[in-house]
Amino acid sequence: MSRVDRRRVELDVKLAAIEHELALWFGDTGRGLPLRKHRSQLGRVVETLRGLLGRVAEQVELIGPDSVDTAYEAQENLLEAYRVWEFFRSKFALRYQDGYRRPLAVADEYAWACYRPVLRAARSARPDLVGKEPPLVHLSGAFSPYAHLRGDRFTVEEPAGALNSDAFQRVVLSLPVPVVGMPWHQVRHLPDFPLLAHEAGHCVDHDFELADDIEDHLYLAVRDLPAARRADWDRWGSEAFADCFATLAAGPAYVSALADFLSAPGPPAEGPSAHPPPDVRLSLTLAALDVAGLTTHADALRRDLGPSSEDSPHALDAPSVAAALLGEPHPWLGGRALKEVVTFSARHQDDAVAAMTAVLDRRRPRPSDVRTLVAAARLAFDHAPREFTAVQDVVLQRAVDAIDDGTRAATDRRDGGPGDREAGAALFDLINEARGAAR
Ligand SMILES: [Zn+2]
């Protein structure tokens, strides 16, 4: 056998190895198995990777005596497929450790509970929408939760020949599973979980293509303001939307978690920030509570937070901005306003208060709804931080018990489908174009 033939066999073996590994992991997604709640996410990642690997296999076929470069490029592409897979594999791997599995299961369920109503609205307006799977929460060293939609906090190892971080991010963002990072130190602190609702808001904005609507709705609220103030709001649009969305999805618990988070905001951003200043963010979320019909709770929080929460001119704009972002219709959501799609009602809040009392009395909370349980954790922590922390596991376990044994598929398709294979094949071109541009 010639050296070239042997090279082809070697690459075939390496291709078969990754396929073997993908099948092994997907095999753990059946009923009762550790990754059962990740079946649709894993299925679609695997199918997309198979599309990409199919193109690598075609490249291997082309290897001949005069095409040494092709063998090298095929190997680079195979390693790139491994890097994309590792991006997800490392996140799924944490689900095997009991200490991480339970809080991550609740975090996933929580992000999904925030995301699902919008997915349903989008799908009823656009039945052909394939869309993405539920968000996957993973742990990271970043200071606050974040969705992988913005370029500023994302780096990967960059060995020679590999895609740089920006190009790699474009590749993983094109995969059908949105990823939400949660700081390692929040994993055993349920009262911070409402902050994940903000990240679900970014996923909703991105995955359902709401950016143009958000810009239009914001314009309605700020068009008569002085130019400089209007420019600030334009820059803050997507963060303002995520804060308003989170308030709808998580209720007063989000405002409280945000207020604690912002009380130690860290170093100021270099240049104009995409985030409004803390007082404006709090005013916006309090105004969003008013829009959601939770005015009594908003007023109670206003008393708690004190007058400094609403003192800048931008803070005075907050009610009209919140009203526009939550009350104007979205064509992509069947003409419905966000406040009609996502709700944390007064009833949810009453249930959360009752659950808080139960937990602090060391009784098992009654609600099974994850958003209510997380709100109860936040309320209990606000009320009696040390006492709550001692009994936090009761709430966590209640939320874990409420997760059913079924899958959490966002799509009706079984294990992905030809669409994901095609997307994976297109990924091959994206990767090779990015690499070519970098050389
Ligand atoms: Zn954000």
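**Entry 1: Arg 362**

I started with Arg 362, which is exposed, with a relative accessible area of 63%. Since this is a predicted model, I am reading computed values throughout. I found Arg 362 in the loop between helix H14 (346-360) and H15. Its backbone caught my eye: Arg 362 is not a glycine, yet it has a positive phi of about 65°. For background, I noted that most residues other than glycine have a negative phi.

**Entry 2: Glu 209**

Next I looked up Glu 209, which also is not a glycine and has a positive phi, here of about 55°. Where does Glu 209 lie? I placed it in the loop between H6 and helix H7 (211-222). Glu 209 counts as partly exposed because its relative accessible area is 46%, and the partly exposed class runs between 20% and 50%.

**Entry 3: the zinc ion**

Then I turned to the metal. Which residues coordinate the zinc ion? I listed His 198 and His 202, each through NE2, and Glu 239 through OE, at 2.0 to 2.1 Å. Along the chain, these donors follow the spacing H-x3-H-x36-E. His 198 and His 202 are separated by about one helical turn, because they stand four residues apart in helix H6 (residues 195-207). I also checked their accessibility: His 198 and His 202 are both buried.

**Entry 4: Arg 281**

One of the zinc-binding residues led me to a neighbour, since Arg 281 touches His 198. Arg 281 lies in helix H10 (residues 278-291). Is Arg 281 buried or exposed? I put it down as buried, because its relative accessible area is 7%, and buried means under 20%. Leaving aside residues up to four places away in sequence, I also found Arg 281 touching Asp 243, Tyr 254, Leu 258, Leu 262, His 275 and Pro 276.

**Entry 5: the second largest pocket**

I went on to the second largest pocket, with a volume of about 400 Å³. I saw that 22 residues line this pocket, and that Ser 256, Leu 301, Asp 304, Leu 305 and Asp 382 lie nearest its centre. Which helices each supply at least two residues of the lining? I wrote down helix H9 (252-262), H10, helix H11 (295-305) and helix H15 (370-383). H9 gives the largest share, six residues. Sorted by class, the lining has eleven nonpolar, six polar and five charged residues.

**Entry 6: cavities**

How many cavities of 30 Å³ or more are there? I got a count of three. I opened up the second largest cavity, which has a volume of about 40 Å³. Its lining consists of Pro 103, Val 187, Arg 188, Leu 190, Phe 193, Gln 392 and Leu 396. I sorted these residues into five nonpolar, one polar and one charged.

**Entry 7: the whole chain**

Stepping back, I counted 17 helices and five strands in the chain. Of its 439 residues, 53% count as buried. Among contacts with a separation of 6 or more, I found that 79% join residues 24 or more positions apart.

**Entry 8: confidence**

Last, I checked how sure the predictor is. The mean pLDDT of the chain is 88, and 90% of its residues reach 70 or more. Where does pLDDT stay under 50? I marked residues 149-155, for which the model has 20 contacts beyond four places in sequence. My reminder to myself: where pLDDT is low, the predicted coordinates should not be read in detail.

Methods: Residues are numbered from 1 along each chain as its sequence is written. This is a predicted model: local features need pLDDT of at least 70, side-chain atom pairs count only at pLDDT 80 or more; totals for chains, interfaces and linings use all residues. Side-chain values use heavy atoms; hydrogens and water are left out. Donors are N, O and S atoms within 2.8 Å of the metal (3.2 Å for Na, K and Ca); water is not among the atoms, so sites may look incomplete. Buried means under 20% relative accessible area, exposed over 50%, partly exposed in between (1.4 Å probe, protein chains only). Contact means heavy atoms within 4.5 Å. On a 1 Å grid over the protein atoms alone, a cavity is a set of points where a 1.4 Å probe fits but cannot get out, and a pocket is an open set with protein on both sides within 12 Å along at least five of seven lines; lining residues have an atom within 4 Å of a point. Grid points are joined across faces, edges and corners, and a volume is the space filled by probe spheres set on the points. Ala, Val, Leu, Ile, Met, Phe, Trp, Tyr, Cys and Pro count as nonpolar, Asp, Glu, Lys and Arg as charged, and the others, Gly among them, as polar. pLDDT is the predictor's confidence in each residue, from 0 to 100.
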